[in-house]
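Colleague: Please take a close look at the salt bridges in this model, and set out with care where the partners sit along the chain and how accessible they are.

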Amino acid sequence: MGNRRFSGKVCRSIPALLVCVIIACLLLKHYGTGKSASRSVFAMDTYMELTAYGAEGEEALDRAVLEIRRIDELLSTGNADSEVSRLNAEKEGVLSEDLGYLLERSIEINEMSGGAFDITIYPVMKAWGFAGGEFRVPDDEELSELLAYVDMSRLKYSRESGRLEMPRQMELDFGGIGKGYAAQRVAEVLAEYDIGGAILNLGGNVQIYGSKPDGSEWKIAVKSPDGALPYLGILSFEGFSGGAGSSRAVVTSGGYERYFEKDGEIYHHIIDPRTGKPSDSGLVSATVVCSDGTLADGLSTAIFVMGYDRAVELWRGHKGEFELVLFDEQGKLYVTEGLDGSFASELEYEIIR
Ligand code: ADP
Ligand code: MG
């Protein structure tokens with residue numbers, strides 16, 4: 001009786017053992033005995049760090065860098081030959097697949113955010129000197145003239161033909177969404193290679209893909225706006241599996257990223273389209289966690305402009321689609337319910353439900 005039970009156990013454990021060996025072999029092949037590759041890139045006006053784990057990490061990251069440069073060349077407002085610059089000059093054109101996609105996502109985020117996210121903000125960015133020029137403080141009259149043409153609903157775009165037309169005074173700026181899109185695209189490109197996982201840091205837009213070779217959790221620090229703290233907290237995620245969809249983006253927007261000071265006032269680079277001025281919503285930083293990198297980036301900009309109340313209302317209407325970490329001027333830290341368990345901080349924080 002005892003013997004039979006014993007042999008039964010052995011019989012059952014042989015297939016289990018085989019499965020384990022096969023999984024171990026696959027992991028070893030996938031991760032290439034723990035090989036990791038990394039690249040530092042300067043693109044889209046920021047420093048980027050890419051790390052991939054796996055047998056084809058080097059090839060995958062070479063391709064990733066090409067993809068980032070390709071998107072940078074499409075979106076760069078500093079390069080007169082980019083697709084966006086040509087559109088801004090000619091006021092019409094048939095959009096490439098990338099730009100058509102980005103425009104459609106931008107329209108979606110503009111609508112979700114009640115206009116807080118608006119890519120027609122570019123003339124206002126220029127007036128403040130955030131588009132390469134000299135920093136200056138435009139007066140109210142100048143801003144109100146420019147604001148008459150900050151309104152995405154005035155873009156004429158046909159999804160069928162991909163054709164866009166805009167008023168002569170309008171210019172586009174994908175700076176609030178471009179890095180998230182690039183990170184998302186890179187995660188998609190990586191899925192074509194034999195790698196197990198990757199972490200992509202595109203100047204604060206962090207995207208994690210797959211899982212780590214040792215099976216440990218991904219850990220992402222949520223940036224702190226003031227120098228007193230190294231970070232607001234740490235987000236931990238289990239690895240993801242399942243190809244291109246197996247990633248997560250963590251994107252932070254804050255007024256402390258790019259700013260200038262004049263007469264003791266700080267002026268930062270995220271503009272409230274209602275006023276034409278640096279947004280003053282009471283939030284110091286807004287972090288969005290989402291499986292869609294493009295949405296995470298656009299929303300982080302939008303939510304920073306929207307402020308706490310409107311942000312929470314938006315989140316409640318879209319539960320499960322994204323999560324938030326918000327830090328306000330009073331030093332209060334908030335985390336939405338879906339991150340309860342993934343977020344750790346030395347600061348006290350409140351859970352938004
Ligand atoms: P960063 O690029 O510093 O990581 P964001 O993703 O928040 O931060 O993007 C800020 C950029 O977005 C600005 O530099 C500008 O190009 C653009 N921008 C500023 N205000 C808005 C707005 N209200 N809606 C859409 N884009 C904006
Ligand atoms: Mg953004």
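Modeller: A residue is called partly exposed when its relative accessible area falls between the limit for buried, under 20%, and the limit for exposed, over 50%. The model is a predicted one, and on that scale Arg163, with a relative accessibility of 32%, counts as partly exposed. Its partner in a salt bridge is Glu92, with 2.9 Å between the closest N and O atoms. Because Arg163 belongs to strand S5 and Glu92 to strand S3 (residues 92–94), this pair ties together parts of the chain that are 71 residues apart in sequence. Glu92 is likewise partly exposed, its relative accessible area being 39%.

This contact is one of 22 salt bridges in the structure. Another one joins Arg185 to Glu67, where the closest N and O atoms are again 2.9 Å apart. Here the two residues come from helices, Arg185 from H7 and Glu67 from H2 (residues 57–75), so the contact ties together parts that are 118 residues apart in sequence. Their accessibilities fall on either side of the 20% limit: Arg185, with a relative accessible area of 21%, is partly exposed, whereas Glu67, at 6%, counts as buried.

A further pair is formed by Glu257 and Lys223, whose closest N and O atoms lie 2.4 Å apart. Glu257 sits in the loop between strand S10 (247–254) and strand S11 (259–262), while Lys223 is part of strand S8 (residues 218–223), so this salt bridge ties together parts that are 34 residues apart in sequence. Glu257 is partly exposed at a relative accessible area of 35%, and Lys223, at 26%, counts as partly exposed too. As for contacts that are linked to one another, Glu67, Arg70, Asp98, Arg185 and Glu188 are joined into one network by salt bridges that share partners.

Helix H7 also comes up at the magnesium ion (ligand 2), whose protein donors are Gly176 (O), Asp297 (O), Asp297 (OD) and Thr301 (OG1), at 2.1 to 2.5 Å. Two of these donors, Gly176 in the loop between strand S5 (163–165) and helix H7 (178–190), and Thr301 in helix H8 (residues 293–317), link distant parts of the chain, 125 residues apart. Gly176 and Thr301 are both buried, and along the chain the donors follow the spacing G-x120-D-x3-T.

Terms used: Residues are numbered from 1 along each chain as its sequence is written. Chains are lettered from A and ligands numbered from 1 in the order in which they are written. This is a predicted model: local features need pLDDT of at least 70, side-chain atom pairs count only at pLDDT 80 or more; totals for chains, interfaces and linings use all residues. Side-chain values use heavy atoms; hydrogens and water are left out. Donors are N, O and S atoms within 2.8 Å of the metal (3.2 Å for Na, K and Ca); water is not among the atoms, so sites may look incomplete. Helices (H or I, at least four residues) and strands (E, at least two) are DSSP runs, numbered from the N terminus. Buried means under 20% relative accessible area, exposed over 50%, partly exposed in between (1.4 Å probe, protein chains only). A salt bridge is a side-chain nitrogen of Lys or Arg within 4 Å of a carboxyl oxygen of Asp or Glu.
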